[in-house]
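Biologist: I'm new to this one and keep tripping over the words people use for it. Can we look at it together, and you tell me what backs each word up?

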Amino acid sequence: MSPMTHNGTLRGAMIGGGPGSMIGPVHRIGISFDPQARLVAGVFSRSREKNRAMARELGIGEERCYDSVDEFIRSEARRPWSERVDWVSVVTPNVAHYGQIKALIEAGYHVVADKPLTATWGEAQALHETVIASGRFFGLTHTYAGYPMIKEMRFRIARGDLGRIHKVVVQYAQGWMMGYLAGAGGAVGTGGAPGAEAPPLPWRTTRAAGGDSCTTADIGTHAAHLVRYTTGLEIRRLLAATATFLPGNELEDDAAVIIDYVGGARGVLVASQSSTGERNNMVLNVYGERGGMEWRHSRPAYLTLKQAGGEVIEIDSGMRSLETLALGINRRPTGHPEGPNEAFANLYREAFRAIRARRAGEDPGPVDMPDIDDGLFGMRFVERVLASATEDSTWMDWSTTQGAAQ
Ligand SMILES: NC(=O)c1ccc[n+]([C@@H]2O[C@H](COP(=O)([O-])OP(=O)(O)OC[C@H]3O[C@@H](n4cnc5c(N)ncnc54)[C@H](O)[C@@H]3O)[C@@H](O)[C@H]2O)c1
């Protein structure tokens, strides 16, 4: 791809993330958190008016605000190398991911995309092949992998602090969908006034825009990835029951999954967006022969260590002795809360490091960011959960096409 600008600033484009969108602004904060990258082009919305409005807000000229990904690829190819973008962030609804990411990768772009990888398992397999064959960088923004204490947990588990792991319990519960029943719209902060006429259900509840799955794809993939990221455990088989509690939802809004991991550990995963009143309640517990560890998204700077002998110790991201402090990813003075903005900044920092290395023809070494294999893993998880639920909760082997387990 194009060479970097003279001062080393990487140039990016964004697909999706128009006015009022949810995750686009968080990506933009993550991109600009460290002064090393900026957006210079985009396709921010399918609405021409909203697309242009977003470009203006970001200080991007009309000439680099495109109506489609195809137009973006065609027009940008005519620009001199010195102006071309170095990576593209894809933050559109699930059903758009496959076509957009495929086109961008085939045109030679490095891509950072949000999860789930695609809308269907078939698309995920095809896209995995395309990305691997291309040699382009591909990063997937599983937010929680960017939190310092998640990295600390991962480090301590890999060091063997828990001994052999036999049990993992992860719950990811949101309640915003039930807000629609109360006429309160969706997520807190984006809904209408209580009692007002309910807005239409979000795209996540439709097969046309969400794909095969609503909640398992939207947040179940985060939970499944978090277990894999922190423990390294691979799924051998799973059984699942799903349910739909929100009237009008074409897909599932609740999933309960029991997992057998390779090596004998047992997992319980609950993903729900109809857990009335819950905000973004992610809790991860890992238990091994020597102790347990607990991380809660409501207190993300803390990690609880539970000793087999009974002692419970809470450590926090300000501790001088932390391994992860050395990585420079604790971005606030001790005691000041960090959240998804900082987590995204950590993910993008790794993506930019990897992209710069490729550009320089150097090996970046291990890149600590979810990748195309994680994207495939997430969609396999969705496919297996739905298959089991359809078969009255029978066990489904994880095997065999991607070789992640067995
Ligand atoms: N990592 C996370 O924690 C996290 C959180 C929320 C959403 N997401 C993911 O991010 C993606 C976007 O979700 P969202 O909640 O921001 O959705 P959203 O509906 O709030 O925003 C989507 C944006 O994309 C635009 N858009 C739609 N189709 C487009 C197209 N074909 N081309 C260009 N722009 C288009 C829309 O106009 C809108 O601005 C989804 O895949 C979702 O699963 C991830």
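**Strand β3 and its partners**

Modeller: Sure, bearing in mind that this is a predicted model. Let's start with strand β3, residues 87-91, which is mostly covered: five of its five residues are buried.

Biologist: Which way do the residues of β3 point?

Modeller: W87, S89 and V91 point one way, V88 and V90 the other way, and all are buried. In a regular strand, side chains alternate between the two faces of the sheet.

Biologist: How do you know that β3 pairs with strand β1?

Modeller: Pairing takes at least two bridges between the strands. Five bridges join β1 (residues 10-16) to β3, and the two run parallel, so they count as a pair. One example is A13, whose bridge partner in β3 is V88.

Biologist: And what joins β3 to strand β4?

Modeller: Four bridges, again with the strands running parallel; β4 covers residues 110-113. Here V88 stands opposite V111.

**A buried threonine**

Biologist: Why is T205 called buried?

Modeller: The cut-off for buried is under 20% relative accessible area. T205 has 1%, so the word fits. T205 is found in the loop between α7 (178-181) and α8 (207-210).

Biologist: What makes the link between T205 and P202 a polar contact?

Modeller: The limit is 3.5 Å. The side chain of T205 reaches the backbone oxygen of P202 at 2.7 Å, so the distance is within that limit.

**Around the ligand**

Biologist: Which residues come nearest to the ligand?

Modeller: Of the 26 residues around the ligand, those are G18, M22, N94, K115 and W203. By class, the shell has nine nonpolar, twelve polar and five charged residues.

Biologist: What makes T143 a polar contact of the ligand?

Modeller: A polar side-chain atom of T143 lies 2.9 Å from an oxygen atom of the ligand, and the cut-off is within 3.5 Å. For H222, an N or O atom in the side chain is 3.2 Å from a ligand oxygen. How much of the ligand is covered? Taken alone, the ligand exposes 850 Å², and the protein buries 86% of that.

Biologist: Which elements give two or more residues to the shell?

Modeller: Those are α4 (94-106) and α9 (215-231). The largest share, three residues, comes from α4.

Biologist: Why do you say the ligand lies between domain 1 and domain 2?

Modeller: Because domain 1 (10-144) and domain 2 (147-330 + 376-390) both give residues to the shell around the ligand.

Methods:
Residues are numbered from 1 along each chain as its sequence is written. This is a predicted model: local features need pLDDT of at least 70, side-chain atom pairs count only at pLDDT 80 or more; totals for chains, interfaces and linings use all residues. Side-chain values use heavy atoms; hydrogens and water are left out. A residue is near a molecule or strand if one of its heavy atoms lies within 4 Å of it. A polar contact is a pair of N or O atoms within 3.5 Å; within protein, one must be able to donate a hydrogen and the other to accept it, and residues adjacent in sequence count only if both atoms are side-chain atoms. Accessible areas come from the Shrake-Rupley method with a 1.4 Å probe; for residues, only the protein chains shown count as cover. Ala, Val, Leu, Ile, Met, Phe, Trp, Tyr, Cys and Pro count as nonpolar, Asp, Glu, Lys and Arg as charged, and the others, Gly among them, as polar. Domain bounds come from an automatic or database domain assignment. Buried means under 20% relative accessible area, exposed over 50%, partly exposed in between (1.4 Å probe, protein chains only).
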